[in-house]
Amino acid sequence: MMLPERRRLDISVPLDFKSAVAAMVACRYVVLDARPELVGWYERQGFVINKVEQRAREEAAARRGASSIPVSMRFDLREV
């Protein structure tokens, strides 16, 4: 059985297209949970860390004794 090739998400859509979509959609943010080692890549794409959400996650993880947790990030479609 052959597995499909993994593809990267291409969010390098032309700016004019992003602006047109942002004006028409009823969604303001794209929210994701990033693997810690990919945070820098997402920041270069325009995502920012959700500081309040991340602090709550870190506190909960500390209570559970978890060593690694995903990083909550968001991209504001109106800032395109």
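Let's start at one residue and work outwards: asparagine 50 has a relative accessibility of 12%, so this residue counts as buried. The model you are looking at is predicted. Asparagine 50 sits in the loop between strand 2 and helix 3. Setting aside neighbours within four places in sequence, asparagine 50 is in contact with Val31, Ser72, Met73 and Arg74.

One of those partners, methionine 73, is a good next stop. Not counting residues up to four places away in sequence, methionine 73 touches Val30, Val31, Leu32, Ala34, Val39, Tyr42, Glu43, Phe47, Val48, Ile49 and Asn50. Methionine 73 lies in strand 3, where isoleucine 49 stands opposite it.

Now let's step back to the whole fold. The protein chain contains 3 helices and 3 strands, and from the N terminus on these elements run α-β-α-β-α-β. How are the strands ordered in the sheet? The 3 strands form an open sheet in the order 1-3-2, with antiparallel pairing. Strand 1 and strand 2 are the edge strands, since each pairs on one side only. Between strand 2 and strand 3, the antiparallel pairing covers 2 bridges. As general background, strands of a sheet pair through backbone hydrogen bonds, in either a parallel or an antiparallel manner. Helix 3, residues 51-64, lies across strand 1, strand 2 and strand 3, and runs at about 170° to strand 3.

With the sheet in place, which residues make up the largest nonpolar core? This core has 9 residues: Leu32, Ala34, Val39, Tyr42, Phe47, Val71, Met73, Phe75 and Leu77. Strand 1 (29-34), helix 2 and strand 3 are the elements that give two or more residues to this core. Strand 3 supplies the largest share, 3 residues. In soluble globular proteins, nonpolar side chains tend to be buried together.

The aromatic side chains deserve a visit of their own. A pair of aromatic rings is described by the distance of the centres and the angle of the planes. The structure holds 3 aromatic pairs. In one of them, the rings of tryptophan 41 and tyrosine 42 have centres 5.0 Å apart and planes at 80°, so this pair is edge-to-face. Are these two residues buried or exposed? Tryptophan 41 has a relative accessible area of 29% and is therefore partly exposed, whereas tyrosine 42, at 17% relative accessibility, counts as buried.

Another pair joins phenylalanine 47 and phenylalanine 75: the ring centres are 5.3 Å apart and the planes lie at 45°, so the pair is tilted. This pair links distant parts of the chain, 28 residues apart, with phenylalanine 47 in the loop between helix 2 (39-44) and strand 2 (48-49), and phenylalanine 75 in strand 3 (residues 71-76). Both phenylalanine 47 and phenylalanine 75 are buried. Together, Trp41, Tyr42, Phe47 and Phe75 form one aromatic cluster.

Finally, a few totals help to place these details. Of the 80 residues in the protein chain, 21% are buried. Among contacts between residues at least 6 apart in sequence, 69% join residues at least 24 apart. The protein chain exposes about 6700 Å², and carbon and sulfur atoms supply 55% of that area.

Methods
Residues numbered from 1 in each chain as written. Predicted model: local features only at pLDDT ≥ 70, side-chain atom pairs only at ≥ 80, totals over all residues. Heavy atoms only, no water. Phe/Tyr/Trp six-rings, centres within 6.5 Å; stacked < 30°, edge-to-face > 60°. Buried < 20%, exposed > 50% of the residue type's maximum accessible area, 1.4 Å probe, protein only. Helix = DSSP H or I, 4+ residues; strand = E, 2+ residues; numbered from the N terminus. Contact = heavy atoms within 4.5 Å. Areas by Shrake-Rupley, 256 points an atom, 1.4 Å probe, with all protein chains shown as cover. Core = buried A, V, L, I, M, F, W, Y, C linked by side-chain atoms within 4.5 Å. Pairing = 2+ DSSP bridges. Axes fitted to C-alpha atoms, helices over the stretch in contact; angles between N-to-C directions.
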